[in-house]
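User: I am new to reading protein models and would like a close look at the aromatic rings. Please start there, then show me the surroundings.

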Amino acid sequence: MRFSVNIPNFGDFADARTVASLARTAEEAGWDGLFVWDHVVHDKRPRPFGDPWILLAAAALATSRIRLGALVTPVPRRRPEQLARQVATLDRLSGGRVVFGAGLGAPDEEYESFGEPVDPVLLAERLDEGLALIDRYWSGEAVVHTGPHYRADDVALLPTPVQRPRPPVWIAGYWPNRRPMRRAARWDGAVPLFASANHGYAPDPGEVRDVVAHIRRHRTAPDRPFDVVVGGASPTAAGAARDMLGPLADAGATWWDERRPIDRDGLDRFADVLRRVEAGPPRLGRADGR
């Protein structure tokens, strides 16, 4: 199991220098990744927000090893060609360390608030068509495409990402909804969110096992590496961390994403997050000391 730090792109973390500082500390403390949110609004509260790709660029320049990405980017509210260019640029800047997390986002806030359509069927169509286009753009070859939502007229986007054939694509969705996890099975990873476990709370291992089994039934390339990302707030004591995360790893989770509970203070405060990051990733009693 690998370990990442998850932060919002608002509050203290709207500042790129703050995110770079946290990323550097995370790498030094032994974490494997840093993931930021991709919101333009959240709960309609007036507070500072940072663009996730600029925040991640700052983190890339401050680090040399950890994985970086957004969890998750709502593809239907972005133009596929712009996203493909942003991710490719960041992948080159970081030396091939980007993970592309994708999903629908929050239609009631980030679509309706700006006059965008909120129909889930339409958004799912845009997500699938957009992801397919982004994958083709990353090839560097000329793309010709006429679809229900997007068009490309013989265009090639260069340079390509460092990672070949593409940066890993992780798909998010709420379990027990099956369709998002079937979508994830076609890509490189799944970020299941659970109706029974709010952001910052570890899911039940039995539910994780159900998600993994569902994905395995729908994998089109079962021999290709595939990640399952779950998260919450972990204890720092080795025994307690092992008791919490061990069953999740046994159920098939490959990443633990450290997340502060969304219903408590400190979610977007640098000092509060920094203390947990400095303590290092959960120690599970493995041969490498974690």
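How many aromatic pairs does a search of the whole structure find?

Analyst: The search of the whole structure finds seven aromatic pairs. A pair means that the ring centres of Phe, Tyr or Trp (its six-membered ring) lie within 6.5 Å; planes under 30 degrees apart are stacked, over 60 edge-to-face, and the rest tilted.

Some ground rules come next. This is a predicted model, where local features need pLDDT of at least 70 and side-chain atom pairs count only at pLDDT 80 or more, while totals for chains, interfaces and linings use all residues. Residues are numbered from 1 along each chain as its sequence is written, and side-chain values use heavy atoms, leaving out hydrogens and water.

Take one pair. Phenylalanine 35 and tryptophan 255 meet edge-to-face, 5.9 Å centre to centre, with 65° between the planes. Phenylalanine 35 sits in strand S2 (residues 33-36) and tryptophan 255 in strand S10 (residues 255-258), so this pair ties together parts 220 residues apart in sequence. The labels follow DSSP runs, numbered from the N terminus: helices are H or I with at least four residues, strands are E with at least two.

Are these two rings buried or exposed? Phenylalanine 35 has 0% relative accessibility, so it counts as buried. Tryptophan 255 is buried too, at 1% relative accessible area. Buried means under 20% relative accessible area, exposed means over 50%, and partly exposed lies in between (1.4 Å probe, protein chains only).

Now another pair. The ring centres of phenylalanine 100 and tryptophan 138 are 5.8 Å apart and their planes stand at 85°, so this pair is edge-to-face. It links distant parts of the chain. Phenylalanine 100 belongs to strand S4 (residues 98-103). Tryptophan 138 belongs to the loop between helix H5 (120-137) and strand S5 (143-146), and the two are 38 residues apart. Both phenylalanine 100 and tryptophan 138 are buried. Elsewhere, Phe10, Trp37 and Phe49 make up one aromatic cluster.

Next, the surroundings. S2 and S4 both appear again at helix H2: its buried residues pack against helix H1 (16-29), S2, strand S3 (67-74), H3 and S4. Contact here means heavy atoms within 4.5 Å. Eight of the eleven residues of H2 (residues 52-62) are buried, so the rest of the structure largely encloses this helix. Those buried residues are Pro52, Trp53, Leu55, Leu56, Ala58, Ala59, Ala60 and Ala62.

H3 leads on to H5. The axes of H3 (residues 80-94) and H5 come within 9 Å and cross at roughly 45°. That makes H3 oblique to H5. Axes are lines fitted to C-alpha atoms, for helices over the stretch in contact, and angles run from 0 to 180 degrees between N-to-C directions. Under 35 degrees is roughly parallel, over 145 roughly antiparallel, 65 to 115 roughly perpendicular, and the rest oblique. The crossing of H3 and H5 is right-handed; that is, the near helix is turned clockwise from the far one by less than a right angle, while anticlockwise would be left-handed. Pro80, Glu81, Leu83 and Ala84 of H3 touch Gly130, Leu133, Ile134 and Tyr137 of H5. By class, this contact has six nonpolar residues, one polar and one charged. Ala, Val, Leu, Ile, Met, Phe, Trp, Tyr, Cys and Pro count as nonpolar, Asp, Glu, Lys and Arg as charged, and the others, Gly among them, as polar.

Compare another helix pair. H7 (residues 205-218) and H8 (residues 238-251) have axes that come within 8 Å and cross at roughly 20°. H7 and H8 are therefore roughly parallel. Their crossing is right-handed. Pro205, Val208, Arg209 and Val212 of H7 meet Pro247, Leu248 and Ala251 of H8. This contact has six nonpolar residues, no polar ones and one charged.

Finally, the backbone. Most residues other than glycine have a negative phi, and most peptide bonds are trans. The bond from tryptophan 175 to proline 176 is cis, with omega near 25°. Proline 176 lies in the loop between S7 (169-175) and helix H6 (178-185). The bond from leucine 158 to proline 159 is also cis, with omega near 0°. Lysine 44 has a positive phi, near 60°. Lysine 44 sits in the loop between S2 and H2 and counts as exposed at 56% relative accessibility.
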